[in-house]
Structure formats: structure tokens, C-alpha cells
Amino acid sequence: MAALQTSSLIFSSSSKTIVNAAIHVPKLPKIRFTVPKTTPTTLPKQLVQELSFKEGFKNVNTTTTPYKSYENSNSSNVTEQLYAILEAVDDRVVMHGNIGEQRKNWNTLLLNSINMITLTASTMAGVAATCVPGMPILALKLSSTLLFSAATGLSLVMNKLQPSQLTEEQRNASRLFRQLQRQLQTLLALRSPAEQDVKDAMEKVIALDRAYPLPLVGAMLEKFPEKYEPAVWLPSNKSQKIQRTSLAKGNNGWSEQLEGEMREIIQVIKNKDLEDYERLGNIVLKINKVLAISGPLLTGVAAFSSAFVGNGAWWGVMAATTGALASAVNSFEHGGQVGMVFEMYRNSGGFFKHFEESIKTTIEDRDLEKRENGELFETKVALKLGRSLSQLRDMAAKSASSRANGTAVDEFASKLF
């Protein structure tokens, strides 16, 4: 018993021992959140509906009128118009490419057909001429005459149409429409288009349609004009009045030195490149005219001569010889694609003509902010002429020096073509 009391005392005394432990936590700063006051006009639509159901609000108008500015609406319409023009341009690229391929096939098929007909008729006329008197040669004479007559008609049609020149027209049209397509895509990627952009794009499309028509009847370009003229495929720029102002160096990349450099480039293009293409274009035009007349004329003479084969030795010789010459002339004209060469010179001359006008229009614009950046413009000019910037500046300096000395510059502006 005494032992139980002793153990109970010990347990009671040990249970009263208290362990004091304290954890010090730093006081956090008080952060006040400001809740913006909301008005019924700024509450979300769902919240307004919930309030109306819970609190018993009646006749709560939750309809909101979307606000759309006039500027955004107008910009959207302009963008849609430009996309519509872009779709039309893309369609024309495919259309001109397909028609160009078709007319290329015309040139090959017609040339091969005419040459085969002419050579066959020449062979028949030669065989008929070698027959001894009394032998029946009427079939050979009639066949050669009909074949020569058919070759004459096909040559007239082919020389009138000039399929190689038609092919080059469609090839250039497809290239220029692809160029316009890339320009519109770049415009839409860089910025929002303006109404003037739509107007300019429409004018370019119409000018290209006028420069490279698709129909052959009524709208086909004249294949044998009186003289060489460069092709025109861009709307003409209205002349601007030149107001001389002093340029401070660094105004949008332009300076008086850069303007002088551009003027010298214009002079080189006008005095060298354009004159050379005009000279070559007139030479090729004359050659093409002579060949276009010679081919049908020779086959016509052969058809006339073949009708008298057997009445003398010289009729057969004339028929066979003129037929062979006609085949050679047709091969040189259409196999050598003289019409395509003439069209190439027209387009090259047109390129330099439009290039000259674009430079002139740019430097005559006195509003420097509306101009294209001078350094960028100089780089584009150099690339189009196939030159580096240093070569472009050297050429401009050489042109200025030659003009000061009264001599002509001895190099062309372009190194590409």
C-alpha cells in the first residue's frame, strides 16, 4: 500500500512538468486590394442575368450593341477588295501560262506540218520531172500542186499569227502577273491596304490585260508594225511639277548626291540601252517581214511551176528548188523564232522605258516622306541593272565625267540583258 502511494505521487509530480516552446513567425504586411466599382453598364452579361434571377430584378436589358468604327469597317472592305484582285491575278497567271503552252505547241506542229508538206511536194515534182515523155505524171503533178498550195495557205496563216511571238507574249504576261501577285501579297503582309492601293492594283491589271490580250481576233497585237516600239504594260504616271528644294543629307535616305546619281543612270539608260534595243528591234522586224513574205511566195511559185512539170525541164527544177528554199525559209523564221526575238526586244525596251519613268517620277516627288527610302531604292536599282552599289556609283560618276567632257559613255546601264 505504501508502495502504491509512493508511485502515485511520483507520477503526479512528473505529469505536472510543463515544456515551454515558442515559434516566432514574422508578421506579414497587410495588403489591401482595391476592387473597382462596377456599374450596371460594365457588369458582364452572365452576372447581370444571375442577379436578375436571384434578387428578383425584372426587365433587365442585357443586350449590348457591338461598336465597330468606320475606319475598321472601311479597312476591312479595302482588304477584301485587294484579296479579290489578288484572286483575279492568280487566275490570270494560270490562264496565260496555259495559253502560252498551247501556242508553243502551235509553232512546233505548224512548222513540222508545213515543212513535211513542202518537202513531199518538192519530191513529187522532182520525180515527175525525171519521168520520160509519155509516162503518166498527172497524178504526181496534181498532188505536188495541191500540196504546195496547202503549204502556201498554212504559211500565210502562220506568218500572220507568229506563234513564237504569241508564246513570248503569254510568257511575259504570266511573269508580270506573278510579279504583281507577289507585290500584292507583300503589301497585305506588311500593312493594311488603302483605297489608293486598290485603285493602283486595278489599273495595273487592266494595263496588263491591254498589253497582252488573250484573243486572236480583234485584239491581237500587230505583229508587223511600221517601226519598233517598246512594250507598254503599266499605267502611265502623271507628270509632276518639279519644285527645286534643297535636300539635307539623310532625309529619308535621300541626298542631292543620290538624286544626281539617279539622273545620270536615267541618261545612260536613255542614250545606250534604249537606243540599242530600238536599233536591234528594227533590224529584227525587217528580217521578220522579209521572211514572212518569202516563205509563202516561194511555195506559191513552186505550186505554179509544178503544174507545168513535163512541159520542159526547167519547170520541174524550179518547182523542186523553190520548194526546198521555202522549207529552209520557214525553218529559219519559225524554228529560229524570229518573232519571239522581236517580242523579247519589245519587252526589254519596255522594261527600260518603265524603269526610266519610275526613277524619274521618284526623284521628281518633292515630298521626301512619301518617297521610298533612298538607300532601299538605290539597292533595288542596282539589283535590276545587275550591278553592285559600288558599280552603280562608278557608272554614274563615269557618265557625269563623260557628259562634262562632251563624250558618250562606253558602257550600258544593265549587265543582265
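# Questions on a predicted helical model

In this predicted model, one aromatic cluster is formed by Tyr277, Tyr345, Phe351, Phe352 and Phe355.

Me: How many aromatic pairs does the structure hold?
Reply: Rings pair if their centres lie within 6.5 Å. One cluster includes Tyr277 and Phe351. Across the structure, the count of aromatic pairs is 9.

Me: How many helices does the protein have, and how many strands?
Reply: From the N terminus on, every element in the run is α. The tally is 11 helices and 0 strands.

Me: What share of the residues in the protein is buried?
Reply: Buried means under 20% relative accessible area. The protein exposes about 26200 Å², and carbon and sulfur atoms supply 60% of that area. Of the 417 residues, the buried share is 35%.

Me: Among contacts between residues at least 6 apart in sequence, what percentage joins residues at least 24 apart?
Reply: One example of a contact is Ser164 with Gln337. These two are 173 residues apart in sequence. For the protein, the percentage is 82%.

Me: Is helix 9 largely enclosed or not, and how many of its residues are buried?
Reply: Helix 9 has 27 residues and reaches 39 Å from its first C-alpha to its last. That is close to the 39 Å expected at 1.5 Å a residue. The helix is largely enclosed by the rest of the structure, because its buried residues number 19 of the 27.

Me: Is Ile363 buried or exposed, and at what relative accessibility?
Reply: Ile363 is found in helix 9. Outside its neighbours within four places in sequence, Ile363 is in contact with Trp254, Glu259, Met262, Arg263, Ile266 and Arg371. Ile363 counts as buried, at a relative accessibility of 4%.

Me: How far apart in space are Ile363 and Gly260, C-alpha to C-alpha?
Reply: Ile363 touches Glu259. In sequence, Ile363 and Gly260 are 103 residues apart. In space, the C-alpha to C-alpha distance is 9.3 Å.

Me: Which ring lies under the charged end of Arg371?
Reply: Ile363 is in contact with both Arg371 and Trp254. The charged end of Arg371 sits 4.7 Å from the centre of a ring. That ring belongs to Trp254.

Me: The charged end of Lys272 sits over which ring?
Reply: A charge sits over a ring if NZ of Lys is within 6 Å of the ring centre and within 35 degrees of the ring normal. Lys272 has its charged end 4.9 Å from the ring centre. The ring is that of Phe412.

Me: Which residues does Asn288 touch, not counting residues up to four places away in sequence?
Reply: Asn288 lies in helix 7. Asn288 is buried, with a relative accessible area of 0%. The residues touched are Gln162, Phe224, Glu333, Val338 and Gly339.

Me: What is phi of Gln162?
Reply: Gln162 sits in the loop between helix 4 and helix 5. At 1% relative accessibility, Gln162 counts as buried. Its phi is positive, in a residue other than glycine, and near 55°.

Me: Is Gln337 buried or partly exposed, and what is its relative accessible area?
Reply: The loop between helix 8 and helix 9 holds Gln337. Phi of Gln337 is positive, near 55°. Gln337 is partly exposed, with a relative accessible area of 29%.

Me: How far apart in space are Ser164 and Gln337, C-alpha to C-alpha?
Reply: Ser164 lies in helix 5 and counts as buried at 3% relative accessibility. Ser164 touches Asn107, Gln337, Gly339 and Met340, leaving out residues up to four places away in sequence. From C-alpha to C-alpha, Ser164 and Gln337 are apart by 5.6 Å.

Me: Within what arc do the buried residues of helix 11 fall?
Reply: The buried residues of helix 11 are Leu392, Met395, Ala396, Ser399 and Ser402. Seen down the axis, they line one face of the helix, because they fall within an arc of 130°.

Me: Which helices are included in what covers the buried residues of helix 11?
Reply: The face turned away from the buried side carries the exposed residues Asp394, Ala404 and Asn405. The cover lies over the buried residues, among them Met395. That cover includes helix 7 and helix 10.

Me: Which residue follows helix 11?
Reply: Helix 11 has 17 residues, 389-405. The next residue has a positive phi, near 80°. That residue is Gly406.

Terms used. Residues numbered from 1 in each chain as written. Predicted model: local features only at pLDDT ≥ 70, side-chain atom pairs only at ≥ 80, totals over all residues. Heavy atoms only, no water. Helix = DSSP H or I, 4+ residues; strand = E, 2+ residues; numbered from the N terminus. Buried < 20%, exposed > 50% of the residue type's maximum accessible area, 1.4 Å probe, protein only. Contact = heavy atoms within 4.5 Å. Areas by Shrake-Rupley, 256 points an atom, 1.4 Å probe, with all protein chains shown as cover. Expected span 1.5 Å × (residues − 1). Arc of directions from axis to C-beta. Phe/Tyr/Trp six-rings, centres within 6.5 Å; stacked < 30°, edge-to-face > 60°.
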